[in-house]
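Visitor: I have a model open and would like to learn how to read it. Could you walk me through it, feature by feature?

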Amino acid sequence: MPLDALSSTLYNKVNSRLCGIKPSDPTITVGIRYAMWEHAVMRQFNREVTAEFAPGPFPQPRCATPQCRPSRTLTLRMFALAMPVFVSLVLCSSSLSAGEDPCERTLGEVCLRPGAADLLKDVEGLYGKPVKMAETTRAAVGDSGVYSDGTPYIELNPVIYGRSDARREAVIVHELFHLKMKASGYPIVKFQREAVSPDDFQFLLETVRLVFDPIEHHLFASKIREMGLDPDAEVEDHFRAIEPRPEAVGFTNYYQRAMTVMRVLLECSAPTALRIQRCYQSNGWSSALDAGKQMAALATSREEYSPDDEVVIYMKCLRRLLENQADIRLVAWEDERHGQAVYRVAVLRVTHRA
Ligand SMILES: [Zn+2]
């Protein structure tokens, strides 16, 4: 029996969508956005193709590869390929039928499910303003902060638009946690500039990014996992492929190597961390490896920190990194107002030992 015009169109859509895509492809298995559309397609497909399909005036599919041409085995192949769609449909339709909107809110182009949308609401409540979105190419993935008028912002590197929905949501959630913690009393760190040379000052700023931030990541990683998201996917991707070489950026001196391996130990999977550690051993970077391991152990010494603990642990890490070369003291707590939010600032003084 010939298919009517609607089912022909639907067939072409299904075929072009499934052609060449392995059943394990996340674009199918995730499938949330397409759930409603696929549901309609597959219902139609079930009714009109599986029972009725037979050689005849069936429209040629757009797909040109031999395995996608209609044949007597097409039905079986289509079903094999469509199984993940069915699985996602069952999951999606059950959640949709429960009245849950998978995108409770969007931020920029990113879908936020209810947990992330609640977090965004918390952040907007703390700052008293909506979160602004911007693009950046300075950060490899994303960044966040607060404009001079007190508006919190999140910057995304456009590379994340190519990620899956869950990966994009995880990047936003990561930045929202940074914003929330800073507006909830978890401190930022500043250094007394006059105490150090300009080069040393730059180095200390680098330790904020490479040591203080991973400590903060450890504090909220488990909360991101509880939301069903992977907090470490971006870092894992970066280090999974990397081959540490002496001349490579991030590995050019003892300090960078120690800080890098600390981050790997805190934020990468066990196989990736093991591979990087073996690279360190074969390069003879054992003292940097030891320092990185000890800093990671300090960061994970407890699951819950008070806001002040975050600075205490960071200072312990800095002392281990700089060994006996510098004295590091907390000299003041200051407040820094950002619109409605007040950041606590830990002012550190770092001086060379004579
Ligand atoms: Zn971060």
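Visitor: What share of the contacts with a separation of 6 or more comes from residues 24 or more positions apart?
Guide: In this predicted model, such residues account for 67% of those contacts. The protein has 12 helices and eight strands, and 31% of its 354 residues count as buried.

Visitor: Let's take sheets. How do strands of a sheet pair?
Guide: They pair through backbone hydrogen bonds, in either a parallel or an antiparallel way. Here, one open sheet has three strands in the order S3-S5-S4, with mixed pairing. Strand S3 (132-135) and strand S4 (142-146) are at the edges with a single partner strand each, so one side of each lacks a neighbour in the sheet. On average, neighbouring strands of this sheet are turned by 25° against each other, direction ignored.

Visitor: In which sense do S4 and S5 pair, and over how many bridges?
Guide: S4 and strand S5 (residues 152-156) are antiparallel, with five bridges. To see one on screen, find Gly 142, whose bridge partner in S5 is Leu 156. Helix H6 packs on this sheet and touches S4 and S5, its direction making about 30° with that of S4.

Visitor: Where are H5 and H6, and at what angle do they pack?
Guide: Helix H5 covers residues 114-127 and helix H6 residues 165-182; they pack at about 30°, with their axes 10 Å apart. An angle under 35 degrees counts as roughly parallel, so H5 is roughly parallel to H6. The crossing of H5 past H6 is left-handed.

Visitor: Which residues make that contact?
Guide: From H5 come Ala 116, Leu 119, Leu 120, Asp 122, Val 123 and Leu 126, and from H6 come Glu 169, Ile 172, Val 173, Leu 176, Leu 179 and Lys 180. Sorted by class, the contact of H5 with H6 holds nine nonpolar, no polar and three charged residues.

Visitor: Now the other sheet, please. What is the strand order in the one with S6, S7 and S8?
Guide: This open sheet of three strands runs S6-S8-S7, and its pairing is mixed. Strand S6 (188-191) and strand S7 (326-338) are the edge strands; each has a single partner strand, so one side of each is without a neighbour in the sheet. Neighbouring strands here are turned by 30° against each other on average, direction ignored.

Visitor: Which pairs in this sheet are parallel, and which antiparallel?
Guide: S7 and strand S8 (residues 341-352) pair in the antiparallel sense over 12 bridges, while S6 and S8 pair in the parallel sense over four bridges. For a residue-level look, Ala 332 stands opposite Val 347 in S8, and Phe 191 is opposite Leu 348 in S8.

Visitor: Which side chains of S6 are buried?
Guide: Follow the alternation along the strand. Val 189 and Phe 191 point to one face and are buried, whereas Ile 188 and Lys 190 point to the other face and are not.

Visitor: How does H12 meet H7?
Guide: Start from the axes of H7 and H12, which come within 10 Å and cross at roughly 135°. That makes H7 oblique to H12, and the crossing is right-handed. In the contact, Thr 207, Val 211, Phe 212, Ile 215 and Glu 216 of H7 meet Glu 310, Ile 313, Tyr 314, Cys 317 and Leu 318 of H12. The contact of H7 with H12 has seven nonpolar, one polar and two charged residues.

Visitor: Let's finish with single residues. Is Met 315 buried or exposed?
Guide: Buried needs 20 or more other C-beta atoms within 10 Å; Met 315 has 19 such neighbours, so Met 315 counts as partly exposed. Met 315 lies in helix H12 and, apart from neighbours within four places in sequence, is in contact with Ile 328 and Leu 330. Met 315 and Arg 329 are 14 residues apart in sequence and 8.0 Å apart in space, C-alpha to C-alpha.

Visitor: And where is Gly 228?
Guide: Look in the loop between helix H7 (198-226) and helix H8 (233-241). Gly 228 is exposed, with 12 other C-beta atoms within 10 Å. Gly 228 and Ala 166 are 62 residues apart in sequence and 8.7 Å apart in space, C-alpha to C-alpha.

Key:
Residues numbered from 1 in each chain as written. Predicted model: local features only at pLDDT ≥ 70, side-chain atom pairs only at ≥ 80, totals over all residues. Axes fitted to C-alpha atoms, helices over the stretch in contact; angles between N-to-C directions. Helix = DSSP H or I, 4+ residues; strand = E, 2+ residues; numbered from the N terminus. Parallel < 35°, antiparallel > 145°, perpendicular 65-115°, else oblique. Left-handed = near helix turned anticlockwise from the far one by under 90°. Contact = placed C-beta atoms within 7 Å. Nonpolar A, V, L, I, M, F, W, Y, C, P; charged D, E, K, R; others polar. Pairing = 2+ DSSP bridges.
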